[in-house]
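Student: I would like a close look at one part of this model, the strand that serves most as a meeting point for packing and charge. Please work outward from there and keep the cut-offs explicit.

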Amino acid sequence: MATFRLQGSKVLAVTMTGDAVKAKNGSMVAYDGQMAFKKMSGGGEGLRGMVTRRLTGEQMEVMEVRGQGTCWFADRASEINLVHLHGEKLWVEASNLLCTDAGLRTGTTFTGLRGGASGNGLFTTTVEGTGQAAIVSDGPATVLRVTPQYPLSVDPGAYVAHQGNLQQHLQSGVTFRTLLGEGGGEAFQIRFEGDGLVYVQPSERNTVGGDV
């Protein structure tokens, strides 16, 4: 299995000994040793993945990197966070997924998130299995714990990813600016209930409710 390590907070170094990783197309910044690169389609493997991508618009440009040596990845100076999966599933916006072990399965699933977060449908990308994944955020990500006693409400503009046994609900007509009397038009919050982790970023981005 490839070895992931961070060099600083914005560059990911992956050491391979004949194994492979899947990474965002164009994210490789340097490599040593012998490496082979092959462009792939993201959002799920096989015919089902192709159909799902067309229906949902959850499109990822992915490359497979295989070889002997070390490959370095980065994405527009974004902060990188490592996630260790042990048979679990990670839900992540496609644009926030940088690199995964080749053995991890990727796909798309209905969540309701993207309808509020970007207006591109009600689907998000999933990563499942045992291995490591690297996700990026605009600014240092904060990992927030959700428990049955303490549910969490998140602004869609700050959402990056989540994992664990969580149920999520898209609440329309409210956002954090709405609570302050500054909202206008349609707005959303994402409410998480259950037991798990939610990754949020400190930046603002546009949603169907405007700047958040």
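Tutor: A residue is called buried under 20% relative accessible area, exposed over 50% and partly exposed in between, with a 1.4 Å probe and protein chains only. The model is predicted, so local features need pLDDT of at least 70 and side-chain atom pairs count only at pLDDT 80 or more, while totals for chains, interfaces and linings use all residues. Residues are numbered from 1 along each chain as its sequence is written, and side-chain values use heavy atoms, with hydrogens and water left out.

Start with strand S2, residues 11-24. Strands (E, at least two residues) and helices (H or I, at least four) are DSSP runs numbered from the N terminus. S2 runs antiparallel to strand S1, residues 3-7, and five bridges join them; strands pair if DSSP finds at least two bridges between them. Across this pairing, arginine 5 faces alanine 13 of S2. The two strands make a hairpin with three residues between them, and glycine 8 in its turn has a positive phi of about 75°.

Next, the packing. The largest nonpolar core contains 17 residues, and those with the most contacts inside it are Leu12, Val14, Val21, Phe73 and Cys99. Such a core is a set of buried Ala, Val, Leu, Ile, Met, Phe, Trp, Tyr and Cys residues joined through side-chain atoms within 4.5 Å. At least two residues of this core come from each of S2, S5, S7 (97-101) and S9 (123-137). The most, five residues, come from S2. A second core, separate from this one, has twelve residues, including Leu97, Val127, Ile135 and Tyr199. In soluble globular proteins, nonpolar side chains tend to be buried together.

Valine 21 shows what such packing looks like around one side chain. Beyond four places in sequence, valine 21 touches Ala2, Phe4, Val14, Met16, Met63, Glu64, Val65, Phe73, Cys99, Thr100, Asp101 and Ala102; contact means heavy atoms within 4.5 Å.

Cys99 raises the matter of disulfides. The structure has zero of them, a disulfide being a pair of cysteine sulfur atoms within 2.5 Å. The sulfur of cysteine 71 has its closest cysteine sulfur in cysteine 99, at 8.1 Å, which is too far for a bond. Cysteine 99 is likewise in no disulfide, its nearest cysteine sulfur being that of cysteine 71. Both count as buried: cysteine 71 because its relative accessibility is 0%, cysteine 99 because its value is 1%.

Lysine 24 also lies in strand S2. Lysine 24 counts as buried because its relative accessibility is 17%. Leaving out neighbours within four places in sequence, lysine 24 is in contact with Glu61, Met63, Asp75, Ala94, Ser95, Leu97 and Leu98. Its side chain makes a polar contact of 2.9 Å with the side chain of aspartate 75. A polar atom of the lysine 24 side chain also lies 2.7 Å from the backbone oxygen of serine 95. A polar contact is a pair of N or O atoms within 3.5 Å; within protein, one must be able to donate a hydrogen and the other to accept it, and residues adjacent in sequence count only if both atoms are side-chain atoms.

Now the charged pairs. The whole structure has seven salt bridges, each a side-chain nitrogen of Lys or Arg within 4 Å of a carboxyl oxygen of Asp or Glu. One of them joins glutamate 193 to arginine 191 at 2.8 Å, N to O. Arginine 191 is partly exposed because its relative accessible area is 26%. Lys24, Asp75 and Arg76 are joined into one network by salt bridges that share partners. Another salt bridge pairs glutamate 64, a contact of valine 21, with arginine 66, the closest N and O atoms being 3.7 Å apart. Glutamate 64 counts as buried because its relative accessibility is 15%, whereas arginine 66, at 39%, is partly exposed.

The network leads to the loop between strand S5 (61-73) and strand S6 (79-92), where arginine 76 is placed. Arginine 76 has a positive phi of about 50° although it is not a glycine, and counts as exposed because its relative accessible area is 71%. Alanine 77 is in the loop between S5 and S6 too. Alanine 77 is not a glycine either, yet has a positive phi of about 60°; with a relative accessible area of 52%, alanine 77 is exposed.
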